[in-house]
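Take a moment with the sequence and the model below. The walk starts at one residue and moves on from there.

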Amino acid sequence: MSLKHPNVAAPSFTRAVTSYRWALILVTCLFFLWGLSYGLLDVLNKHFQETLHVSKAQSGLLQSAYFGAYFLIALPAGLLMDKYGYKAGILLGLCLYACGALLFMPAAAAQSFQFFLFALFVIACGLGCLETAANPYATVLGEPAGAERRLNLAQSFNGLGQFFGPLIGGALFFSGANSTDTTQSLQMTYLVIAALVLLVAILIARTPLPDLREQEVQAQQHDHKTLWQHREFVTGVITQFFYVGAQVGVGAFFINYVTEHWAQMSSQQAAYLLSVAMLSFMFGRFFSTWLMGRVNAQRLLLIYALINVALCAVVVLGFAGVSVVALVATFFFMSIMFPTLFAMGVKNLGPHTKRGSSFMIMAIVGGALMPYVMGLVADHTSTAVAYLLPMGCFVIVAAYARAALKKI
């Protein structure tokens, strides 16, 4: 009988591995979709400054509405998944994403900045659900030891979406001969996005995905800590708050900074350069995921954070041309920060994973606050000086990574 056991178990094991692999592929598609939305967001900042004549501080409200939604939706999304599983959170997120994209039709027709804020808020509610579900789901679809690498791999396709976002926005949002052409381009872009999102929702609804709730219940028997007794999780939430603030702030005023520090650079050309920065971001994730097989995630996070502190210092000094290159380079070294912080924060939480994920996503509210504060600083001093704020955030990331490295 013992000789037959491996032959009986092998097909079951193979099916489980295949199921996990297919689930990870589908979840990775979600990372691309919200990366595309985020990539368009930074282009919209400058676009609305020019078409709706809003100030830099007001345009920063786009990020406030966008990332504020993450803060509000993350905990309800986590509770939903506790009861119905990861798949329910993913489907709800996709439906809200599509609804928000469709709201761009009447918002563009009305040329109302407040309506655009509401549409982006609905989109972000959907993305908050997706991130609350997909980030921890990617970490648990395999061995715990590979959680950071697995999430960085999935997040690499988020970088691909962020690369295409500015490319599309730059080509369509600044090229219209008149406001009517620009409005139609904006409406068509978000209509196509809504159709694509609904298509993915249908595909996921028809596909069985591993539930994993049973494994989490079993893990609860071996974990007697409360969520807030996991120290690395608590400090991870705080660090994620500051990191996301830095990432969003760096991108929000990228086009403004480039047009101010590179002679004769138009907004459209700066949007294309933002796409290059996002390409650097995406390459950084793929390359660094490979590098994590040789350098542990905590050490790599520390090195990248320190490099970005130095690069931000160059940006603040405002050297023509050179500082723009430094600003583009920051995207490469930001590439691993969100997924690595997330994976470190929720690792080994067991039954608390979904709730822990909710708080890690709520920390994204840092991205709602930073652009507005940076906008105020930029309006009263300069865009270059405003980059002191992201610089301080990278110092906090470095401190977290150094503390985690000491525990290894």
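This is a predicted model. Start at Glu 260. Its relative accessibility is 40%, so Glu 260 counts as partly exposed. That value lies between the cut-offs of 20% for buried and 50% for exposed. Glu 260 sits in helix α11.

Now look at what surrounds this residue. Setting aside residues up to four places away in sequence, Glu 260 touches Lys 56 and Thr 383. The side chains of Glu 260 and Lys 56 are joined by a polar contact of 2.9 Å.

The pairing with Lys 56 is also a salt bridge, with the closest N and O atoms 2.9 Å apart. It ties together distant parts of the chain. Glu 260 belongs to helix α11, residues 254-261, while Lys 56 belongs to helix α2, residues 56-59. In sequence, the two partners are 204 residues apart. How many salt bridges does the count come to? The count is 1.

Is Lys 56 buried or exposed? Lys 56 has 17% relative accessibility, so it counts as buried. Its partner Glu 260, at 40%, counts as partly exposed. For a sense of scale, pick out Leu 40 as well. Glu 260 and Leu 40 are 220 residues apart in sequence. In space, they are 21 Å apart, C-alpha to C-alpha.

Next, go inside. The largest nonpolar core has 140 residues. Which of them have the most contacts inside this core? They are Tyr 66, Leu 94, Tyr 190, Tyr 243 and Phe 254.

Take Tyr 66 as a closer view of the core. Leave aside its neighbours within four places in sequence. Tyr 66 is then in contact with Trp 34, Ser 37, Tyr 38 and Leu 41, among others. Further along the chain, its contacts include Leu 120, Ile 123, Ala 124 and Leu 127.

Finally, return to the surface. A nonpolar patch there covers about 350 Å². Leu 61, Tyr 372, Val 373, Leu 376 and Leu 389 make it. Which helix gives the most to this patch? Helix α17, residues 366-380, does, with 3 residues.

Val 373 is one of the residues that make the patch, and Val 373 is found in helix α17. Its relative accessibility is 38%, so Val 373 counts as partly exposed. A patch residue needs over 30% relative accessible area, and Val 373 is at 38%.

Key
Residues numbered from 1 in each chain as written. Predicted model: local features only at pLDDT ≥ 70, side-chain atom pairs only at ≥ 80, totals over all residues. Heavy atoms only, no water. Core = buried A, V, L, I, M, F, W, Y, C linked by side-chain atoms within 4.5 Å. Buried < 20%, exposed > 50% of the residue type's maximum accessible area, 1.4 Å probe, protein only. Contact = heavy atoms within 4.5 Å. Salt bridge = Lys/Arg side-chain N within 4 Å of Asp/Glu carboxyl O. Helix = DSSP H or I, 4+ residues; strand = E, 2+ residues; numbered from the N terminus. Polar contact = N/O pair within 3.5 Å; in protein donor to acceptor, adjacent residues only side chain to side chain. Patch = residues over 30% accessible without salt bridge, like charges linked within 9 Å, V, L, I, M, F, W, Y side chains within 5 Å. Areas by Shrake-Rupley, 256 points an atom, 1.4 Å probe, with all protein chains shown as cover.
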